[in-house]
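Hi,

Here is the structure I said I would pass on. Have a look at it first, and then read on below.

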Amino acid sequence: MKSALRLGLRLVITGACFALWLSLTDLSLSELRDAVAGIAPTAFAAAIALSIVNFGVGAVRWRFALKAYGASAVPPLRTLFRLYWVGFFFNTFVPANVGGDLLRAHATRDAFEGRTGAWIVVAVERLFGLCGLVLLASALAPTIDGVELPLWLAPLGVGAALVAALGVGMLRRAASFAPGRLGTLLASIPRLASPRMLVGVLLCSIMTQATVALSAHMLIASLEPEVSVITSITFVPVALLTLYLPTIAGLGARETAFVVLFGTVGVSDASATAASLGLLIVQLVTALAGGLVLVATPKKDAPDADGAEPASGN
């Protein structure tokens, strides 16, 4: 029943987002089809390649986060890369967009003595991802004529980083006041062993958001060559904030955001919507490839059996 209610809520919100998109545009199905078909195959290929590069950057960020919280054994980078890619498959096709995060945390659970370490690291990584998104957008927005983002956007990014960096330690300190099993659970939260590693986490977060924005830029520039890279790197992260809404694969919400944001610089509704749908196609293709990576992974190379290296020697 709970699953059905969650799915129903996602369908309702997705429908509302589509209704909003329809109220902003008067596109016909044929116009939209022609716009999507107008995206050059080379643009799709470049966007897919950048998405795969992004998994590599994400794996490096994950590695920094593991070391920051004192993981006793950090899997090799190739293993983290594979897990990140497979996790993207589950995040895309499993409801709630957290299936891949649960998989990644489970696969690295032995990197910490406590039961919560791997889960805390993945949660911190997600918060830093949000931080990188809003910091990137708020830093570049002033360079675009006529574009003003809300003043609270940059503080939101800084606040997310502070919550991620300091909140874990505060939860651990609360263990002495919490009763029973809750206190035991909080006491197992890892300490921040190497704060300087969080700088790497933040820089990688900014890089991952910039890479996604570049992927989208390849698509929209194929239709509207006058759109600058700076514009795409500014607008796309803001548009992707809509993915945090409980919709189905961001449908409706992402298209509305693309139309509104890119419309401020003269991009047609057809091109903006086509670029948004093109980004969805890229996501589905790379996610399906992640499923193939999972199928092709030999059992002997499964996460639990993979070699790991000491966390020291940063």
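What follows is a walk through the chain, starting with the overall picture and moving on to helix pairs and a few single residues.

One thing to keep in mind from the start: this is a predicted model.

**The chain as a whole**

You will be looking at twelve helices and two strands. If you trace the chain from its start, the order is α-α-α-β-α-α-α-α-α-α-α-α-α-β, so to speak its table of contents. There are 314 residues, and 47% of them count as buried. The accessible surface adds up to about 15,000 Å², with 70% of that belonging to carbon and sulfur atoms. I also looked at how far along the sequence the contacts reach. Taking contacts between residues at least 6 apart in sequence, 73% join residues at least 24 apart.

**Helix pairs**

For each pair below I give an angle and a distance, since two packed helices are described by the angle between their axes and the distance between the axes.

Start with H9 (residues 197-223) and H10 (residues 229-240), whose axes lie 8 Å apart at an angle of about 115°. That makes the two helices, H9 and H10, roughly perpendicular. The crossing of H9 over H10 is right-handed. On the H9 side, the contact uses Val212, Ala213, Leu214, Ala216, His217 and Ile220. Facing them from H10 are Val229, Ser232, Ile233, Val236, Pro237 and Leu240. Sorted by type, the residues of this H9 and H10 contact come out as ten nonpolar, two polar and no charged.

H10 has another partner in H11 (residues 253-263). Here the axes come within 9 Å and cross at roughly 145°, and this crossing is right-handed too. H10 contributes Thr231, Ser232, Phe235, Val236, Val238, Ala239 and Leu240, while H11 brings Arg254, Ala257, Phe258, Leu261 and Phe262. The H10 and H11 contact divides into nine nonpolar residues, two polar and one charged. If you compare the lists, Ser232, Val236 and Leu240 of H10 turn up in the contact with H9 and again in the contact with H11.

Earlier in the sequence, H4 (residues 77-93) packs with H5 (residues 99-107) at about 145°, and their axes are 6 Å apart. From H4 you get Leu83, Tyr84, Val86, Gly87, Phe90 and Asn91, and these meet Gly99, Gly100, Asp101, Leu103, Arg104 and Ala107 of H5. By type, the residues of the H4 and H5 contact are six nonpolar, four polar and two charged.

**Some single residues in H3**

Helix H3 covers residues 41-68 and includes glycine 56. Leucine 66 and alanine 49 are found in H3 as well.

Is leucine 66 buried or exposed? Leucine 66 counts as buried, because its relative accessibility is 0%, and the cut-off for buried is under 20%. Leaving aside residues up to four places away in sequence, leucine 66 touches Ala71, Val74, Pro75, Leu80, Phe112 and Val121. Its C-alpha also sits 8.7 Å from that of glycine 117, although leucine 66 and glycine 117 are 51 residues apart in sequence.

Glycine 56 has a relative accessible area of 22%, so glycine 56 is partly exposed. Which residue lies 25 residues from glycine 56 along the chain, with 5.6 Å between the C-alpha atoms? That one is phenylalanine 81.

Alanine 49 is partly exposed as well, with a relative accessible area of 40%. Between alanine 49 and serine 215 there are 8.4 Å in space, C-alpha to C-alpha, and the two are 166 residues apart in sequence.

**And one in H9**

Back in H9, take a look at glycine 200. With 13% relative accessibility, glycine 200 counts as buried. The C-alpha atoms of glycine 200 and alanine 68 are 9.4 Å apart, with the two residues 132 apart in sequence.

If you want a place to begin on screen, try H10: H9 packs against it with axes 8 Å apart, and the axes of H10 and H11 come within 9 Å.

Cheers

Definitions and conventions
Residues are numbered from 1 along each chain as its sequence is written. This is a predicted model: local features need pLDDT of at least 70, side-chain atom pairs count only at pLDDT 80 or more; totals for chains, interfaces and linings use all residues. Side-chain values use heavy atoms; hydrogens and water are left out. Axes are lines fitted to C-alpha atoms, for helices over the stretch in contact, and angles run from 0 to 180 degrees between N-to-C directions. Helices (H or I, at least four residues) and strands (E, at least two) are DSSP runs, numbered from the N terminus. Angles under 35 degrees count as roughly parallel, over 145 as roughly antiparallel, 65 to 115 as roughly perpendicular and the rest as oblique. A crossing is left-handed if the near helix is turned anticlockwise from the far one by less than a right angle, and right-handed if clockwise. Contact means heavy atoms within 4.5 Å. Ala, Val, Leu, Ile, Met, Phe, Trp, Tyr, Cys and Pro count as nonpolar, Asp, Glu, Lys and Arg as charged, and the others, Gly among them, as polar. Buried means under 20% relative accessible area, exposed over 50%, partly exposed in between (1.4 Å probe, protein chains only). Accessible areas come from the Shrake-Rupley method with a 1.4 Å probe; for residues, only the protein chains shown count as cover.
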